[in-house]
Amino acid sequence: MRHVNTKLSYSKYLAILFALVIVAGCSQNDDQREFERMAYSAPSNITETNAVGEITGNEDHDDWRVSPFYQGLVDVDTPAYPNPVQTTDEVRVEIFNRDDAVTSLRVVVFFAEAGMERDIQSGRQDPLPANSTTVVSINPRELSRFDTVEDIVGIKRIIFLDATGNVVTYGDILVE
């Protein structure tokens with residue numbers, strides 16, 4: 001009789017452990033979905049930085065956070081700099097990839113008013129090196145929806161995606 005109780009106890013523990021794993025996985029998926037919902041929203045503020053990446057003014061705590069899927073695996077070493085950026089300069093973001101967490105990175109500009117994104121070709125890094133910092137350079141002229149000089153100016157939402165389309169990080173850049 002005691003032996004049956006022990007098996008029953010193990011079964012209970014396994015069921016509880018299985019349920020906890022499922023709940024934790026759902027919670028993480030929910031957190032990722034919420035993060036991605038925020039990434040695909042209208043840009044609002046920027047983290048002001050100088051030409052070497054030092055924060056010099058306003059700091060937007062929503063910018064350049066790392067998604068729940070990549071917590072502890074990826075770090076944004078330096079947010080977009082300089083920010084704001086002139087149309088004739090380049091803006092850079094430094095991202096650290098721990099242990100091959102992100103094997104490929106796709107960088108897009110998101111146009112919230114149209115609900116569409118556009119690849120930023122100069123920002124592509126494929127493959128992303130493991131255990132090192134990659135500097136992603138973005139040419140502000142690639143941030144235009146209509147390929148016009150007038151459309152380049154303004155605040156732009158930049159999103160970094162992994163190979164399967166999961167958001168890794170995002171932030172806003174002001175082009176002047």
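These notebook entries record what I looked up in a predicted model of one protein.

**Entry 1: Overall layout**

I began with the secondary structure and found two helices and seven strands. Following the chain from its start, I wrote down the pattern α-β-β-β-β-β-α-β-β. The protein has 176 residues, and 38% of them count as buried. I then looked up the accessible surface, which comes to about 9600 Å², with 54% of it belonging to carbon and sulfur atoms. Finally, I noted how contacts are spread along the sequence: among those between residues at least 6 apart, 62% join residues at least 24 apart.

**Entry 2: The sheet of three strands**

I recalled a general point before turning to the sheets: strands of a sheet pair through backbone hydrogen bonds, in either a parallel or an antiparallel sense. In which order do the strands of the three-stranded open sheet lie? I recorded the order 1-2-5, and the pairing is antiparallel. Strand 1 (74-81) and strand 5 (132-138) are the edge strands, each pairing on one side only. From one strand to the next, the twist averages 15 degrees. Five bridges hold the antiparallel pair of strand 1 and strand 2. As one example, I located V76, whose bridge partner in strand 2 is I95.

**Entry 3: Residue N97**

I next selected N97, which is found in strand 2 (residues 91-97). Is N97 buried or exposed? Its relative accessibility is 0%, so N97 counts as buried. A polar atom of the N97 side chain lies 2.9 Å from the backbone nitrogen of V102. I also listed the contacts of N97 beyond its neighbours within four places in sequence; among them are L73, V74, V102, L128 and S132.

**Entry 4: The sheet of four strands**

I moved to the other open sheet, where four strands have the order 4-3-6-7 with antiparallel pairing. Its edge strands are strand 4 (116-119) and strand 7, each of which pairs on one side only. Ignoring direction, I noted that neighbouring strands of this sheet are turned by 30 degrees against each other on average.

I then examined strand 3. Five of its six residues are buried, so strand 3 is largely enclosed by the rest of the structure. Strand 3 runs antiparallel to strand 6, and five bridges join the two. Along this pair, I found V107 bridged to F160 and V109 standing opposite I158.

Strand 3 also pairs with strand 4, in the antiparallel sense and over four bridges. Here F111 stands opposite M116. What lies between strand 3 and strand 4? The two strands form a hairpin with four residues between them, and in the turn G115 has a positive phi of about 65 degrees.

**Entry 5: Nonpolar cores**

I reminded myself that nonpolar side chains tend to be buried together in soluble globular proteins. How many residues make up the largest nonpolar core? I recorded 26 residues, and those with the most contacts inside this core are L105, V107, I138, I158, F160, V168 and I173. The elements giving two or more residues to this core are strand 1, strand 2, strand 3 (106-111), strand 5, strand 6 (154-161) and strand 7 (167-175). Apart from this core I located another, of eight residues, including F35, I159, V167 and Y170.

I closed the entry by returning to V107, which is the bridge partner of F160 in strand 6; both residues are listed with the most contacts inside the largest nonpolar core.

Conventions:
Residues are numbered from 1 along each chain as its sequence is written. This is a predicted model: local features need pLDDT of at least 70, side-chain atom pairs count only at pLDDT 80 or more; totals for chains, interfaces and linings use all residues. Side-chain values use heavy atoms; hydrogens and water are left out. Buried means under 20% relative accessible area, exposed over 50%, partly exposed in between (1.4 Å probe, protein chains only). A polar contact is a pair of N or O atoms within 3.5 Å; within protein, one must be able to donate a hydrogen and the other to accept it, and residues adjacent in sequence count only if both atoms are side-chain atoms. Contact means heavy atoms within 4.5 Å. Two strands pair if DSSP finds at least two bridges between them. Axes are lines fitted to C-alpha atoms, for helices over the stretch in contact, and angles run from 0 to 180 degrees between N-to-C directions. A nonpolar core is a set of buried Ala, Val, Leu, Ile, Met, Phe, Trp, Tyr and Cys residues joined through side-chain atoms within 4.5 Å. Accessible areas come from the Shrake-Rupley method with a 1.4 Å probe; for residues, only the protein chains shown count as cover.
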